[in-house]
Amino acid sequence: MQKGDDHIHLPCAAGRLVPHKPPMLLVSRLIEKVDNSIEDNISIVEAEVPGGGPFVLNGALLQEYYIEVMAQAIAASDGYPQVEGKKPATGLLTGIEEFSWIGNARPGERIQITFRKIFEFGAAFIFSGSIRGDSGQIAEGRLKIWKVEE
């Protein structure tokens with residue numbers, strides 16, 4: 001890993017960044033993170049679609065998976081400071097806005113979650129993101145997160 005003045009070059013294994021453990025650990029790695037300002041920020045996280053586990057029912061991937069994988073992608077991006085010796089805040093998913101499912105991914109498929117912070121006021125944050133797979137866009141929406149400093 002290298003760190004420039006305003007851009008962190010990655011990848012970094014997500015297991016180092018989030019508190020989740022399998023089978024609830026859904027994200028694989030943080031690929032990119034730019035966090036210069038509310039106008040200039042973006043993160044990209046990669047995940048592998050599970051073939052089983054709590055988000056698969058009768059062989060089909062539940063739509064709730066995409067909400068959780070986006071929330072974990074945000075947690076992975078937020079957890080990056082701990083790699084640099086800083087403790088990240090605990091994030092709580094408090095709302096879902098305009099979330100839509102355009103397609104579905106296959107088990108084993110690598111997907112990318114791309115998002116940016118669009119609102120910040122105190123401990124309240126809103127992130128807007130999209131999820132893409134081999135066949136294009138799968139889902140998009142906004143998540144509201146409350147960060148609790150410990």
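## A buried glutamate and a well-wrapped helix

At 10% relative accessibility, Glu 46 counts as buried (under 20% relative accessible area with a 1.4 Å probe, protein chains only). Glu 46 sits in strand β4, residues 41–48. Its side chain makes a polar contact of 3.5 Å with the side chain of Arg 110 (a pair of N or O atoms within 3.5 Å, one able to donate a hydrogen and the other to accept it).

A word on the source: this is a predicted model, where local features need pLDDT of at least 70 and side-chain atom pairs count only at pLDDT 80 or more. Numbering runs from 1 along each chain, and side-chain values use heavy atoms, with hydrogens and water left out. The chain averages a pLDDT of 89 (the predictor's confidence in each residue, from 0 to 100), but residues 1–8 stay under 50.

Now for helix α1 (a DSSP run of H or I, at least four residues). Of its 16 residues, 13 are buried, so α1 is largely enclosed by the rest of the structure. It also gives nine residues to the largest nonpolar core, the largest share. That core (buried Ala, Val, Leu, Ile, Met, Phe, Trp, Tyr and Cys joined through side-chain atoms within 4.5 Å) has 36 residues, and Val 69 and Ile 111 are among those touching the most other members.

Here are the contacts (heavy atoms within 4.5 Å), leaving aside neighbours within four places in sequence:

| Residue | In contact with |
|---|---|
| Glu 46 | Val 27, Ser 28, Arg 29, Ile 31, Arg 110, Ile 111 |
| Val 69 | Leu 26, Val 27, Ala 47, Ile 111, Ile 113, Ile 131 |

Note on methods. Buried means under 20% relative accessible area, exposed over 50%, partly exposed in between (1.4 Å probe, protein chains only). Helices (H or I, at least four residues) and strands (E, at least two) are DSSP runs, numbered from the N terminus.
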